[in-house]
Amino acid sequence: MTLKLFTFSLLTLTFAACSPYTNIPPENGDWASNNPNTSAVRSVSIAAVQKSLEAEPINGPYTIVLPERTEPATYALVANALGSDALIPTNVPVVELDEKGRPIKTDEEPSPVDSPISLGDFPEVEVRSIYIRGVDADVDIVRPSLSGRSLSTVDLVWEPGFGWSATDIRAWRVDPDALPKPGVPPAQRPLESQAATP
């Protein structure tokens with residue numbers, strides 16, 4: 001009994017120390033990770049987009065838009081996991097994957113993409129924000145719907161041996177284009193009195 005309790009306690013402490021704590025976009029006074037290129041961020045993004053497409057399918061190709069500072073290799077991995085209908089934005093350099101699905105290293109590493117550009121008539125599925133707290137995560141997805149563009153939040157949970165899976169999806173009755181885009185935290189924006197006047 002004591003050995004089982006010790007083993008359980010050791011595994012719990014090990015997992016708690018290694019569990020991700022992520023805010024994308026960064027928040028004011030943030031000490032969480034803001035890196036959109038980690039394995040956990042890729043995994044929750046893939047699971048959230050899959051749940052969103054399961055709830056309301058898009059028939060045909062669509063462009064996947066990931067958060068700012070996402071590297072081309074991350075775009076390649078996410079698009080590959082989502083299948084042949086997932087397209088990357090046109091200004092993201094193409095990264096080839098090997099037969100095991102890993103990015104092939106080149107002499108020149110492409111830089112992260114801040115403003116993905118989509119050309120054509122393909123609908124966009126945007127991963128707008130990601131919040132990971134240990135084994136729980138929330139991902140905001142903006143995508144086309146029957147009533148225009150919609151915002152939904154996908155709740156996810158991590159389970160040992162299974163990875164990240166979506167447990168719920170909530171649709172919000174707001175116009176996502178009318179909401180402020182995530183970006184610079186409010187305390188870092190200039191005050192109206194500091195803004196230049198014409």
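This is a short tour of one helix, a group of paired strands and two residues in strand 5. Keep in mind that the model you have open is predicted.

**Stop 1: helix 2**

Select residues 39-55. This is helix 2, with 17 residues. From its first C-alpha to its last it reaches 24 Å, close to the 24 Å expected at 1.5 Å a residue. Now colour its buried residues: Ala40, Val41, Val44, Ser45, Ile46, Ala47, Ala48, Val49, Ser52 and Leu53.

**Stop 2: strand 4**

Next, select residues 124-133, which make up strand 4. How many of the ten residues of strand 4 are buried? Seven are, so the strand is largely enclosed by the rest of the structure.

**Stop 3: the partners of strand 4**

Keep strand 4 on screen and add its partners one by one.

- Add residues 21-24, strand 1: this strand and strand 4 pair in the antiparallel sense over four bridges. To see one pairing, pick Ile24, whose bridge partner in strand 4 is Ile130.
- Add residues 62-65, strand 2: here three bridges join strand 2 to strand 4, and the two run parallel. Pick Ile64 and look for its bridge partner in strand 4, Val125.
- Add residues 136-145, strand 5: seven bridges link strand 4 and strand 5 in the antiparallel sense. Val127 stands opposite Ile141 of strand 5.

Before moving on, look at the link between strand 4 and strand 5. The two strands form a hairpin with two residues between them, and Gly134 in the turn has a positive phi of about 65°.

**Stop 4: Val142**

Stay in strand 5 and select Val142. Is Val142 buried or exposed? Val142 has a relative accessible area of 0%, so it counts as buried. Show Val125 as well: the two residues are 17 apart along the chain, and their C-alpha atoms are separated by 6.0 Å. Beyond its neighbours within four places in sequence, Val142 is in contact with several residues, among them Glu124, Arg128, Leu151 and Pro176.

**Stop 5: Asp140**

Finally, select Asp140, also found in strand 5. Asp140 is buried yet has no salt bridge. Which side chain of opposite charge is nearest to Asp140? That is Arg170, 6.0 Å away. Now show Ser129: its side chain makes a polar contact with the side chain of Asp140 at 2.8 Å. Leaving aside neighbours within four places in sequence, the contacts of Asp140 include Val127, Ser129, Leu151 and Thr153.

Notes: Residues numbered from 1 in each chain as written. Predicted model: local features only at pLDDT ≥ 70, side-chain atom pairs only at ≥ 80, totals over all residues. Heavy atoms only, no water. Expected span 1.5 Å × (residues − 1). Buried < 20%, exposed > 50% of the residue type's maximum accessible area, 1.4 Å probe, protein only. Pairing = 2+ DSSP bridges. Contact = heavy atoms within 4.5 Å. Lys, Arg positive; Asp, Glu negative; His and termini not counted. Salt bridge = Lys/Arg side-chain N within 4 Å of Asp/Glu carboxyl O. Polar contact = N/O pair within 3.5 Å; in protein donor to acceptor, adjacent residues only side chain to side chain.
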